[in-house]
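Let's take a walk through this protein together, starting from the inside and working our way around. Keep the 3D view open and turn it as you read.

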Amino acid sequence: MDIHYTQQAHAVYERMLGICRQHRHEFVVPEHLLAALLAQQEFVYSLEYYGADIEEMNRELSAYLSGLDQLPEGAEEELEMSVQLAQVFQSAYQSVEFSSAEALDVPHLVRGLLRLQESLASYLLHRELGDNEQEFMSDLIGRYEELAPSHDGLMDEAADGGSRKEPWRKLVTCINDHLEGRNVLIGREAELERTIQVLCRKEKNNPLHVGEPGVGKTALVYGLARRIVEGRVPPRLQACRIYQLELGTMLSGTQFRGDFEKRIQEVMTGIMHEGNAIVYIDEIHNLVGAGAVGESSMDASNMLKPYLEQGSIRFIGSTTYDEFNRFFSRSKGLVRRFQQIDIAEPSVAEAIDILKGLKAGYESFHGIVYDDDAIEFAVTASAKYVNDRFLPDKAIDLIDEAGAWRENHPQEGADPQRVDRKLIADVLARTCKVEAMADGDDDVERLASLEKRIKSEIYGQDEAVAQVVQAVQMSKAGLLDSDKPLASLLFVGPTGVGKTEVAKVLSRELAIPLVRFDMSEYTEKHTVAKLIGSPAGYVGYEDGGLLTDAIRKTPHCVLLLDEIEKAHHDIYNILLQVMDYARLTDNKGRKADFRNVILIMTSNAGAQYASQANVGFNTKVSRGQAMLAQAKKTFKPEFINRLSSIVVFHDMDEQMASLILQKKLDELAGKLAARNVTMRLDPGVFARLLSQAFTREYGARQMDRVIASQLKPLLMRELLFGKLINGGEAHMGIAADQLVML
């Protein structure tokens, strides 16, 4: 560890070794250090100011040192540092590093002594200072800085051409000197001209850039610095230097009252003396409250107000709207000293121009080439599918990620390596959990065959499946309102006819997640609040909303709200804005975007009346249609009016039941195949199972019960204890009017 010592610290170190040699001690201990410190006037003055008895301390130290073992006469002196003294110096070194100083001074050593445990030196200091340790350290730091103001640390002469570097420059970054490798500012001419205009004012010449994260606030400042370097600014800004003030660096290592204020003053004084300088403060809302102690109002924002008022130093700040309203706007005196400049999110067309301008830099970095349509698709797809971030940042991230992927997975025999539209879509699907269709042949074919594939798994509900697929294809074709969910469907029909199953199959065939909520859990008024989060002050406020959090995590999904009629009627008020504007705001003001969600709600409303559908002469009303009529009475007109479609599921007939039973038997056969077992049914077995399983009242769920009660127990006994332990054939037949294994 390369640590320099100030002149005072070096003198203490040499005196400490001298005292150890004088007493002929083998080890140098903390008490030697304290004895050396008591020989320095500044240290003694600080102790006496806080009531310490210096004579008593010297007397006890002398008695202690005289009692330590001495080296025998004639023995060679090789001084070694004791374990405790090594801890003192290690603590002092850490204080130097954390405080950004480059030289170890006496206060660092004293701080190390105070932190020591089970040491006479530490005990004496604590005893004499009592509750005044913090004030003593602050006073001590001030005395030694006044003694040697140029020794705030020995400066790195090699980096400064042999001259001393001013200490305040370590706390700021000159943007003019760090433009290499930064993206060139493209567009934003109006915002840049307004910024220059404000900087050229006589008073209140401090621009404040306010905009959402990722819209280019920092890039605007770097663009201004580039213009200054190139000389493309008015004479008043010629040769101006922009210094970025980082509050994290300013606060780092400030352990005592006055350290932070001193750094702020040093930087401002240094910049004022240099002249023709601009201070850039990113995340400027952090000024409010920074450095304040307890109930004190003296924070960084109040320290900077005099400099803001004078106008000799110009400031540029940047913050977001949320943080501006929460923090910055509370300081009215600070707000009036800045001129607010809104940095809006660029349009899709402007973002495409920005990315085309940045394309060459990313191509050079990754060693690849971007197709023109890939750049356009990156902007349009990110604008459509990435909802919690803003252009151009989210589009730049997308092409950067795609470039890195192609660099790490080069195409065989291709020169140059290219990033095309399909790769952008693949990267978007992986990084943002959405399936952005790149309009390739595979995607079109997959969408065209969607109805056929769903019908191969859902039997007897062709009309319902056709309506669902049509809604999906319409949204993919871009013919629906872009500010609504992809589809808002209400499935109405008796139990066990495939309403929930259609949602499961749809999510599987579209390769998107299924997010399911059982609405029977939300029958009470207070439980509905869990979907968007409990109000402030109520239990569960910090947990957020179950529905909003789920959609933020999986923004492209099939959202299934099962048995919607069982929920409290307040749920419909929440769903109205989802179906109308595809937005839902949780209890903390965060928005969830439903534009890429297929919303499916199932309902058994009116099931108790469905059995009466065919009562009367020549009545041919299905149970599903009877339930639809009842559902229109159950749900509010404004709710039904916002649905894309109401899908009626038909009653189960014998042919449908036969197909479903065969499907469930095939699923059971698949499970048996994993145990090397094949299943063979005699002709009468299937008919027997069908006769017991087919009921219009209970639908397909009755089949699961029949298979579980009739077939699976026989298989279970043979798999665990019988002839199928090692595999084989399960031959099922009927004997004595009972289902048996032959």
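Start with the largest nonpolar core, which has 45 residues. Those with the most contacts inside this core are Leu33, Leu34, Phe43, Leu47, Val110 and Phe136. Bear in mind as you look that this is a predicted model. Which elements give two or more residues to this core? They are α1 (7-22), α2 (30-37), α3 (41-49), α4 (54-66), α5 (83-98), α6, α7 and α8 (133-147). Pick out Leu34 to see how such a residue is surrounded: leaving aside its neighbours within four places in sequence, Leu34 is in contact with Phe43, Met57, Leu61, Leu113, Ala121, Leu124 and Leu125. Apart from the largest core lies another one, of 35 residues, with Leu490, Val492, Tyr572 and Phe594 among them.

Now zoom in on α3, one of the helices that feed the largest core. The buried residues of α3 are Phe43, Val44, Ser46 and Leu47. Look down the axis of α3 and you'll find these buried residues within an arc of 160 degrees, so they line one face of the helix. Here's the general idea behind that: an α-helix has 3.6 residues a turn, so residues three or four places apart point the same way. What sits on the face of α3 turned away from the buried side? That face carries Gln41 and Tyr49, which are exposed. After α3 comes Gly51, and its phi is positive, near 85 degrees.

You can try the same trick on helix α9, residues 189-199. Its buried residues are Glu191, Leu192, Thr195, Ile196, Val198 and Leu199. Down the axis of α9, they too fall within an arc of 160 degrees, so they line one face of this helix. On the other side of α9, Ala190 and Gln197 are exposed. And what do the buried residues of α9 pack against? Their partners are the strands β6 (207-210), β8 (277-282), β9 (314-319) and β10 (339-342), along with the helix α10 (217-230).

Next, find Ile242 in strand β7. Is Ile242 buried or exposed? Ile242 has a relative accessibility of 0%, so it counts as buried. Not counting residues up to four places away in sequence, Ile242 touches Thr173, Cys174, Ile175, Asn176, Val221, Leu224, Ala225, Ile228, Ile278 and Tyr280. Ile242 and Val172 are 70 residues apart in sequence, and their C-alpha atoms are 9.8 Å apart in space.

Helix α22 (residues 462-476) holds another residue to look at, Val465. With 1% relative accessibility, Val465 counts as buried. Setting aside neighbours within four places in sequence, Val465 is in contact with Glu451, Ile454, Lys455 and Ile458. Between the C-alpha atoms of Val465 and Lys499 there are 10.0 Å, and the two residues are 34 apart along the chain.

Time for some backbone oddities. Most residues other than glycine have a negative phi, and most peptide bonds are trans. Glu118 isn't a glycine, yet its phi is positive, about 55 degrees. You'll find Glu118 in the loop between α6 (106-115) and α7 (120-129), and at 80% relative accessibility it counts as exposed. Ala239 isn't a glycine either, and its phi is positive at about 60 degrees. Ala239 sits in the loop between α10 and β7 (241-245), and it is exposed, with a relative accessible area of 61%. Then there's a cis peptide bond joining Leu391 and Pro392, with omega about 0 degrees. Pro392 is in the loop between α17 (372-385) and α18 (393-408).

Now have a look at the largest pocket, which holds about 940 Å³ of space. It is lined by 34 residues, and nearest its centre lie Asn387, Asp388, Arg389, Phe390 and Lys591. Which elements each supply at least two residues of its lining? These are α14 (321-326), α17, α18, α19 (421-432), α25 (546-553) and β17 (591-593). By class, the lining has 17 charged, 12 nonpolar and 5 polar residues.

Finally, zoom out to the whole protein. Its secondary structure comes to 32 helices and 22 strands. Of the 742 residues in the protein, 48% are buried. Among contacts with a separation of 6 or more, 74% are between residues 24 or more positions apart.

Methods. Residues are numbered from 1 along each chain as its sequence is written. This is a predicted model: local features need pLDDT of at least 70, side-chain atom pairs count only at pLDDT 80 or more; totals for chains, interfaces and linings use all residues. Side-chain values use heavy atoms; hydrogens and water are left out. Buried means under 20% relative accessible area, exposed over 50%, partly exposed in between (1.4 Å probe, protein chains only). Helices (H or I, at least four residues) and strands (E, at least two) are DSSP runs, numbered from the N terminus. The arc is that of the directions from the helix axis to the C-beta atoms. Contact means heavy atoms within 4.5 Å. On a 1 Å grid over the protein atoms alone, a cavity is a set of points where a 1.4 Å probe fits but cannot get out, and a pocket is an open set with protein on both sides within 12 Å along at least five of seven lines; lining residues have an atom within 4 Å of a point. Grid points are joined across faces, edges and corners, and a volume is the space filled by probe spheres set on the points. Ala, Val, Leu, Ile, Met, Phe, Trp, Tyr, Cys and Pro count as nonpolar, Asp, Glu, Lys and Arg as charged, and the others, Gly among them, as polar. A nonpolar core is a set of buried Ala, Val, Leu, Ile, Met, Phe, Trp, Tyr and Cys residues joined through side-chain atoms within 4.5 Å.
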